[in-house]
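User: Hi! I have a structure open here and would like to talk it through with you. Could you take a look?

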Amino acid sequence: MAPGQTPISSKHVAVIGAGAAGLITSRELRREGHSVFVFEREKQVGGLWVYTPKSESDPLSLDPTRSKVHSSIYDSLRTNVPRESMGVRDFPFLPRFDEESRDPRRYPNHREVLAYVQEYAREFKIEEMIRFETEVVRVEPVIEKWRVQSKNPGGDFDDEIFDAVVVCTGHYTEPNVPHIPGKEISGIVFVMFEIQSKWVAAVLSGRVTLPPPDKMMEDINEWYASLDVLGIPKRHTHTIGRIQSEYLNWVAKECGCELVERWRAQEVDGGYVRLVVHPETYRDEWDDDELIEEAYHDFSRKKLISFDSSYYLENVR
Ligand SMILES: Cc1cc2nc3c(=O)[nH]c(=O)nc-3n(C[C@H](O)[C@H](O)[C@H](O)COP(=O)(O)OP(=O)(O)OC[C@H]3O[C@@H](n4cnc5c(N)ncnc54)[C@H](O)[C@@H]3O)c2cc1C
């Protein structure tokens, strides 16, 4: 080890949830050298992409005794982000033209997203870290560690101690009331999970150090002041749509990983504008063919696709 370099420490980490965030986070934590244990209350990976036609007995989720349904997607749902931007950076969300059950469109249906998430879990052998049908019911701090209590499939409770807990339980299961009509969220959520979890993994191993508390407080106050100037209420503190790429590149630099590709940042910004201006047609009509081309050339250069990029480009348009 070079003089002055901090030793990398391996932590015992619990991840709660095996939706896209939990899967991506688990892979990044393991890649950093941590031992990872994932709790998932359902029988399979995928989180909200596991579609069910069932709905809750109380649609506003106010009744605590209601029957709970995790997924909040509907049957006709298609992605609001183009597939080349949506996938994580070293495992692109590629169209499959050879199987009838697959949806090769640029903005595919929700079944296609679930298939991608399942393939990701298989490819990176994440299922071996997951304990299915095990719900975390309580997390509490105990001297410098965390106690995680879970309910196993037999209905018994287990207690385990971890150095850190990463909560990936999703936040679209309970509705937000009141709803603002026409307000749709779009962004490169999977890439955000990827970059943020690389950063979390690096902080836990000691490769990245947090700034001193006063500096963090200073930054938080500056951020609130910038929201104030724009007349944005504090409840939007975590809404980063307008500065998504800038924020992700900042986090990427902090943990020394690749910045967001030019084509991806532009697709997201342009896609957002098209979504607002043409909400009915933006998924099937677009004018950014040069960005799709750049994306597939990039995948080809990084050897992430097995066919020539022209194969995808001819079929996807
Ligand atoms: C209608 C809709 C459309 C969307 N469209 C897109 C899109 O087109 N593109 C895009 O990139 N993103 C989209 N998103 C955003 C979507 O939320 C993310 O893509 C992502 O899938 C969220 O993953 P997650 O892992 O954070 O949460 P989830 O998918 O909700 O997964 C959470 C997991 O945690 C488990 N869990 C919860 N509590 C516990 C517990 N106590 N113990 C154990 N396990 C637990 C759940 O069973 C679940 O498996 C959309 C969201 C919605 C609601």
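Analyst: Happy to. Keep in mind that this is a predicted model. One place to start is helix H8, where Asp289, Glu290 and Arg301 are exposed on one side.

User: And which residues of H8 are buried?

Analyst: Those are Leu291, Ile292, Ala295 and Tyr296. Looking down the axis of H8, the buried residues fall within an arc of 130°, so they line one face of the helix.

User: Remind me why a spacing like that puts residues on one face?

Analyst: An α-helix has 3.6 residues a turn, so residues three or four places apart point the same way.

User: What covers the buried residues of H8?

Analyst: The cover includes helix H2 (83–86), helix H7 (262–277) and helix H9 (309–316).

User: What span should H8 have, and how far apart are its ends?

Analyst: H8 runs over residues 289–301, and its 13 residues should span 18 Å at 1.5 Å a residue. The end C-alpha atoms are 18 Å apart, which agrees. Just after H8, Lys303 takes a positive phi of about 60°.

User: Nice. Now helix H5: is it buried or in the open?

Analyst: Largely in the open, because the number of buried residues is 0 out of 17. H5 covers residues 213–229 and should span 24 Å, and its end C-alpha atoms are 24 Å apart, in agreement. Here too there is a positive phi to point out: Gly231, just after H5, has one of about 70°.

User: Switching to the ligand. Which residues come nearest?

Analyst: Gly17, Gly19, Gly47, Thr79 and Gly170 come nearest, out of 30 residues around the ligand. Helix H1 (20–31), strand E4 (135–142) and helix H4 (189–205) are the elements that give two or more residues to that shell.

User: Which of them has the largest share?

Analyst: H1, with 3 residues.

User: How does the shell divide into nonpolar, polar and charged?

Analyst: There are 16 nonpolar, 10 polar and 4 charged residues around the ligand.

User: OK, the sheet. What's the strand order?

Analyst: The order is E3-E2-E1-E7, in an open sheet of 4 strands with parallel pairing. Strand E3 (130–131) and strand E7 (164–167) are the edge strands, each pairing on one side only.

User: How many bridges join E1 and E2?

Analyst: E1 and E2 pair over 5 bridges, in the parallel sense. Val13 has Val36 in E2 as its bridge partner.

User: And how many between E2 and E3?

Analyst: Strand E2 (residues 35–39) pairs with E3 over 2 bridges, also in the parallel sense. There, Phe39 has Arg131 in E3 as its bridge partner.

User: Is E1 mostly covered or mostly open?

Analyst: Mostly covered: strand E1 spans residues 12–16, and 4 of its 5 residues are buried.

User: Last topic, Pro92. Where does it lie?

Analyst: Pro92 lies in the loop between H2 and helix H3 (110–123). Pro92 counts as buried because 21 other C-beta atoms lie within 10 Å, and the cut-off for buried is 20 or more.

User: What is Pro92 in contact with, leaving aside neighbours within four places in sequence?

Analyst: Pro92 is then in contact with Glu84, Gly87, Phe299, Leu304 and Ile305. Phe299 belongs to the stretch of H8, residues 289–301.

User: And how far is Pro92 from Arg242?

Analyst: Their C-alpha atoms are separated by 24 Å, with Pro92 and Arg242 lying 150 residues apart along the chain.

Note on methods. Residues are numbered from 1 along each chain as its sequence is written. This is a predicted model: local features need pLDDT of at least 70, side-chain atom pairs count only at pLDDT 80 or more; totals for chains, interfaces and linings use all residues. The expected span of a helix is 1.5 Å times one less than its number of residues. A residue is buried if 20 or more other C-beta atoms lie within 10 Å of its own, exposed if 12 or fewer, and partly exposed in between; C-beta atoms are placed from the backbone. The arc is that of the directions from the helix axis to the C-beta atoms. Two residues are in contact if their C-beta atoms, placed from the backbone, lie within 7 Å. A residue is near a molecule or strand if its C-beta atom, placed from the backbone, lies within 6 Å of it. Ala, Val, Leu, Ile, Met, Phe, Trp, Tyr, Cys and Pro count as nonpolar, Asp, Glu, Lys and Arg as charged, and the others, Gly among them, as polar. Two strands pair if DSSP finds at least two bridges between them.
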